Amino acid sequence: MKASVVLKNVTKKYKMYKRTSDKLLDLALPNGYGRDFYALQNINFEAYEGDSIGIIGVNGAGKSTISNLISGVIPPTSGKVEINGDAALISIAAGLNNELTGRENIELKCLMLGFKKSEIETLMPEIIEFAEIGEFMDQPVKKYSSGMKSRLGFAISVNINPDILVIDEALSVGDKIFAQKCFDKMNSFKEKGKTIFFISHSIGQVKEFCQKALWLEAGEIKAYGPVEEVVPQYEKFILEFNKMSKEEKKKFNEHVAEKRSRLQHEPIPTDMGTEPSRSEMARKKPKRKLNIFRSFLVLLLVVVSGALYANWNTVSNFLQQEEKVSVAKEEKQLEIETPPVEPVEETTETAAKDLRYVNIEAGFVRDAPNLSTSTKITMVTFGESITVKEIVKDPEGDFNWLNFSLPTGQDGWISERLVTQVEAPIDEVAFMSGLEQLDQTDGLSSSLEVMGKSQQELLESEVGELEITYDDNNMVSEYSTDLNDISIDSLVELFGEPTVQLDDSDYLYHGNKVDVILYSQNGSFTSMTVKKVAEDKNSL
C-alpha cells in the first residue's frame with residue numbers, strides 16, 4: 001500500500017516574545033533572545049491511501065499545527081514532511097476573504113489551486129449546491145455566521161477532489177443534518193482510497209468515522225494505531241486527569257510547559273528494537289547539513305550579530321532613548337487636563353471593591369507613589385482592571401496615585417488619570433443577545449456558557465471559533481472571537497456609551513460577572529474579548 005503522508009523527525013518551534021521589539025534582540029544577540037516554544041517535537045508517522053485518521057488531544061496539544069504542516073500552510077522547523085498528492089485543509093473560514101462574496105471566494109480559491117476558468121464554471125454549481133447557504137452566496141463572507149463559513153469552506157474543499165483531506169474542527173459548528181452530509185461525502189472519499197485526517201474533540205465522531213487515531217500530548221505522539229486501541233487509552237487519561245487535585249493538575253501543567261520549552265531527545269532506532277546503551281548513544285551524534293542558501297543566511301547573521309555586538313553602545317543608546325520616549329509619553333499623559341481632584345492629605349483606605357479600568361492604550365505601573373524617584377515594574381493595557389487598596393496624593397503634582405496588587409502578589413502604583421472608575425454594570429446576557437442580532441451570527445449569547453468551565457469540561461463541547469484562555473487552575477478566564485463588522489453607531493444606539501472608551505477605536509462594557517471589550521477597524525467592530533471581572537473570579 002502506498003504511503004500518502006510521511007512525517008520524519010518533524011519539529012515545529014516558535015519564538016515567544018513579550019514585546020515586538022524583542023525580535024530585534026533575537027537577531028542581534030549571539031545566543032538569540034526570547035523563549036522557545038515547541039509546538040511539535042520529533043513527530044514520526046506514516047499514513048496510507050484509504051486511511052481515516054482521527055487526531056485527538058487536549059487543547060494546545062499541537063493538533064492544528066500538525067494539520068497546517070500536512071496541508072502545507074506552514075513549513076517544519078526541522079525534519080521532513082512528504083506529501084504524495086494534493087492536500088486540502090478544511091477549517092472554519094480557512095482561506096476565505098471576508099470582503100469577497102461566497103461566489104467570488106469559490107473562484108479565487110479554485111484559481112489559487114490551479115483550476116482553469118472553464119473548470120471553475122463546471123465546479124461552481126456543485127459547490128453552491130453542496131454549501132446550501134442560499135442567497136448568502138452573493139453576500140460578503142464577513143456577513144456569514146461561523147456555520148455558513150464552515151459550509152462554504154467544506155463545499156469548496158471536497159468538490160475540488162483532493163487526494164488528502166485535512167478537517168480541523170470544521171464540523172464543530174453547524175447543524176446535524178449538514179454534518180451527516182459531510183460524513184457521507186467523507187465516506188465516499190474513503191472508498192476511493194483517499195487519505196483523511198479528522199481533528200476533533202468529539203470522541204464519538206472519531207470512533208464512528210476513523211480507523212486509526214493519533215494521540216498528541218504536549219506536542220509529541222503519545223500513541224498511534226487502531227482507534228479501538230488508542231481511544232480507550234486517551235479516555236482513561238482524561239478520566240485520571242479529572243480525578244487529580246488542583247495541586248496535581250498544576251504540577252502536571254508545569255511539567256508539560258517545561259517539556260515544550262526545550263527540545264526533547266530524539267529516539268534512536270536500533271535493529272533489534274531494544275533501548276540503545278549510553279555508549280551507543282554517545283557514539284551516535286546527530287549530523288547537521290547546511291545547504292548553500294542556509295549557509296549564506298547563517299554567515300550573514302554572524303556578520304550582523306558581530307557588528308551589533310562590537311557596537312553595543314549604539315544599541316544601548318537606542319534602548320535608553322526608547323526608555324526616555326516612554327517616560328516622556330507618560331509624563332505627557334499625566335499633563336492632560338482632567339477634572340480637579342480633591343487633594344488627599346494623607347494615606348487613606350478606599351472602600352472595598354473599588355474597581356477601575358485602564359483607559360489608555362498602555363501605561364506604566366510603578367513601585368512607589370511618585371513619578372521622579374520611582375521605578376517602572378510593569379505595564380498595563382486598555383481594558384485591564386485594578387482593585388484599588390489605597391489612594392495617595394502625588395508629592396509634586398495635583399493628582400493621586402492608586403495602590404493595588406499585581407497578579408504576582410507585588411504591590412504596584414498607577415496614576416489615577418490612567419484609569420476610569422466603573423459605573424452601573426450592564427446585563428451581559430441581554431448585551432450578548434443584542435450583539436448577536438447586530439452580528440447576525442448564532443452562538444454569541446450562548447458562548448457565555450464556557451466561562452468558568454474547566455479545560456477538561458470543554459473537551460466534548462463545541463466552542464466553535466472561540467479562542468480560549470485558561471487561568472492557573474485550568475478554568476476558562478476569557479475568550480475571544482471575530483465579529484462581522486458591527487458599526488460603532490449601531491452599537492451605541494442599542495447599548496449606549498461604553499463604560500470605558502479608547503479614542504474611537506476600542507470600547508469596554510462592564511458587566512456583573514464579565515466584561516466585554518470590542519476592537520474596531522475602519523469604523524466598525526471586527527473582534528471582541530470576553531473576560532471575568534477581577535472581583536468575581538470565583539463565580540460563573
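Let me start with D472, which counts as exposed because its relative accessibility is 68%, where exposed means over 50% relative accessible area, buried means under 20%, and partly exposed is anything in between, with a 1.4 Å probe and protein chains only. The place of D472 is in the loop between strand 17 (467–470) and strand 18 (476–487), with strands taken as DSSP runs of E of at least two residues, helices as runs of H or I of at least four, and both numbered from the N terminus.

Before going on, I should say that this is a predicted model, in which local features need pLDDT of at least 70 and side-chain atom pairs count only at pLDDT 80 or more, while totals for chains, interfaces and linings use all residues. Residues are numbered from 1 along each chain as its sequence is written, and side-chain values use heavy atoms, with hydrogens and water left out.

Which residues gather with D472 in a patch of negative charge on the surface? They are E247, E248 and E254, and a patch of this kind takes residues with over 30% relative accessible area and no salt bridge, joining like charges within 9 Å. The place of each charge is CG for Asp and CD for Glu, and the accessible areas come from the Shrake-Rupley method with a 1.4 Å probe.

That brings me to the salt bridges. A search of the whole structure finds 10 of them, a salt bridge being a side-chain nitrogen of Lys or Arg within 4 Å of a carboxyl oxygen of Asp or Glu. As general background, side chains of opposite charge can pair when their charged atoms come close.

One of these bridges joins K117 and E107, whose closest N and O atoms are 2.2 Å apart. K117 lies in helix 4 and E107 in helix 3 (residues 102–112), so this pair ties together parts that are 10 residues apart in sequence. K117 is partly exposed at 46% relative accessibility, and E107 is also partly exposed, with a relative accessible area of 25%.

A second example is R356 with E416, where the closest N and O atoms are 3.2 Å apart. Here R356 sits in strand 10 (residues 348–358) and E416 in the loop between strand 15 (411–415) and strand 16 (419–421), so the parts tied together are 60 residues apart in sequence. Are these two partners buried or exposed? R356 is buried at 7% relative accessibility, and E416 is buried with a relative accessible area of 18%.

In a further pair, the side chains of D411 and K389 meet at 2.8 Å, N to O. Since D411 lies in strand 15 and K389 in strand 13 (residues 385–393), the bridge ties together parts 22 residues apart in sequence. D411 counts as partly exposed at 35% relative accessibility, as does K389 at 32%. Salt bridges that share partners also join K8, K80 and E82 into one network.

Turning to cysteines, how many disulfides does a search of the whole structure find? The search finds 0, taking a disulfide as a pair of cysteine sulfur atoms within 2.5 Å. C110 is buried with a relative accessible area of 0%, and C210 is buried with 7%.

Finally, S145 has its place in the loop between helix 4 (117–131) and helix 5 (146–159), and counts as buried at 12% relative accessibility. The C-alpha atoms of S145 and N484 are separated by 8.3 Å, although these residues are 339 apart along the chain.

Key. Patch = residues over 30% accessible without salt bridge, like charges linked within 9 Å, V, L, I, M, F, W, Y side chains within 5 Å. Lys, Arg positive; Asp, Glu negative; His and termini not counted.
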